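Work through the exercises below with the coordinates open. Each task is followed by a stepwise solution.

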Amino acid sequence: MDIDLKGRIALVTGASRGIGYFTALELGKRGAHVIACARTVGGLEELDDAIKAVGGSATLVPFDLADMAAIDKLGGSIFERWGKLDILVANAGVLGTISPIGHVEAKVFEKVMTINVNATWRLIRSVEPLLLKSDAGRALILSSSAAHKCKPFWGPYSASKAAVEALARTWAGETQRTPLRILSVDPGGTRTAMRAQAIPGEDPSTVPHPSEVAQALMPLVGPDMTETGKLFIVREKKIVDYHMPS
């Protein structure tokens, strides 16, 4: 499906590498102006060059999502320059450590919650008024199958992604009478630095490249998307409902 995003303003967090990088590039390729956020300036500059090479444009915003005041200011800055936001891709996240819950250091657990959960909530709060000014605001909140599988030793990450999905579902319910559509996204195993950290012995060629995930996300951010409050499973290219425990 050819999704035309000309004239749309898109914000992507964690845009310096992995899924965030290639999603930002795909958005730029399709005509959206990309507001790219990440800590790594070099990665953002590489992204800017890549977006320009495909005829797109970007604004680079280097900052750490642990800086809550910076997230608060971001919404105001976007409003002053563009007056609205059409697309949010809340992609940035950290893994923490793979270890028994009782062995996780407090500072590690707190960092996972700060970046994955607190920053996502703060981002939603900062940009919701902008998304509601769009004729077709779209928000994708990156999650993981870890939110549901809750495998041993994955406690902090699993808990953070379950919390993120709860935020997305609640937000979708609160905005269902508006044009804003909100989906959580389970990208599945992807060839990223986080995946290599989590499963160091895995052959990276056995999992999809992040560019494949990015392409699969494009139909979700176009004006024709009508689903909200659900989960998109990238591997299956399917939007699924949530269910109460049986």
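The model is predicted.

**Exercise 1. Describe how the two faces of β2 are covered.**

Solution.
- Take one side of β2: His33, Ile35 and Cys37 are all buried.
- Take the other side: Val34, Ala36 and Ala38 are buried as well.
- Both faces of the strand are therefore covered, because side chains alternate between the two faces of the sheet in a regular strand.
- Count over the strand, residues 33-38: six of its six residues are buried.

**Exercise 2. Find the strands that pair with β2, and give the sense of each pairing.**

Solution.
- Start with β1, residues 9-13. It pairs with β2 in the parallel sense, over five bridges.
- Pick a residue in the register: Leu11 has Ile35 as its bridge partner in β2.
- Go on to β3, residues 57-62. The pairing of β2 with β3 is parallel too, over six bridges.
- Follow Ile35 across: its bridge partner in β3 is Thr59.
- Now add the helices. β1, α1 (residues 18-29) and β2 form a β-α-β unit that is right-handed.
- β2, α2 and β3 form a right-handed β-α-β unit as well.

**Exercise 3. Place Ala50 and list what it touches, leaving out residues up to four places away in sequence.**

Solution.
- Locate the residue: Ala50 is part of helix α2, residues 41-53.
- Check its exposure. Ala50 has 18% relative accessibility, so it counts as buried; the cut-off is under 20%.
- List the contacts: Ala50 touches Tyr21 and Leu25.
- Compare sequence with space. Ala50 and Tyr21 are 29 residues apart in the chain, and their C-alpha atoms are 9.8 Å apart.

**Exercise 4. Classify the ring geometry of Tyr21 and Phe22.**

Solution.
- Count first: the model has two aromatic pairs.
- Tyr21 and Phe22 make one of them, with 5.0 Å from centre to centre and 70° between the planes.
- Apply the angle rule: over 60 degrees counts as edge-to-face. The pair is therefore edge-to-face.
- Compare exposure. Tyr21 is buried at 14% relative accessible area, whereas Phe22 is partly exposed at 23%.

**Exercise 5. Which residues touch the most other members of the largest nonpolar core?**

Solution.
- The core has 34 residues, and Leu27 and Leu217 touch the most other members.
- Map it to elements: β1, α1, β2, α2, β4 (87-90), β5 (138-142), β6 (181-186) and α8 (210-221) each give two or more residues.
- α8 gives the most, with six residues.
- Look around Leu27. Leaving out residues up to four places away in sequence, its contacts include Ala10, Val12, Val34, Val89 and Met218.
- Keep the other core apart: a second, separate one of 33 residues includes Cys37, Leu88, Val112 and Ile115.

**Exercise 6. Which charged side chains lie over the rings of Trp154 and Tyr242?**

Solution.
- For Trp154, Lys151 lies over the face, at 4.8 Å from the ring centre.
- For Tyr242, the charged end of Arg169 sits over the ring, 4.0 Å from its centre.

**Exercise 7. Locate Cys150 and Lys237, and give their phi angles.**

Solution.
- Cys150 is in the loop between α5 (146-149) and α6 (155-174). Its phi is positive, about 50°, although it is not a glycine.
- Lys237 is in the loop between β7 (230-233) and β8 (238-240). Its phi is also positive, about 50°.
- Lys237 counts as exposed, at 62% relative accessibility.

Terms used: Residues are numbered from 1 along each chain as its sequence is written. This is a predicted model: local features need pLDDT of at least 70, side-chain atom pairs count only at pLDDT 80 or more; totals for chains, interfaces and linings use all residues. Side-chain values use heavy atoms; hydrogens and water are left out. Rings of Phe, Tyr and Trp (its six-membered ring) pair if their centres lie within 6.5 Å; planes under 30 degrees apart count as stacked, over 60 as edge-to-face and the rest as tilted. Buried means under 20% relative accessible area, exposed over 50%, partly exposed in between (1.4 Å probe, protein chains only). A charge sits over a ring if NZ of Lys or CZ of Arg is within 6 Å of the ring centre and within 35 degrees of the ring normal. Helices (H or I, at least four residues) and strands (E, at least two) are DSSP runs, numbered from the N terminus. Contact means heavy atoms within 4.5 Å. Two strands pair if DSSP finds at least two bridges between them. A crossover is right-handed if, with the strands pointing away from the viewer, the path from the first strand over the helix to the second runs clockwise. A nonpolar core is a set of buried Ala, Val, Leu, Ile, Met, Phe, Trp, Tyr and Cys residues joined through side-chain atoms within 4.5 Å.
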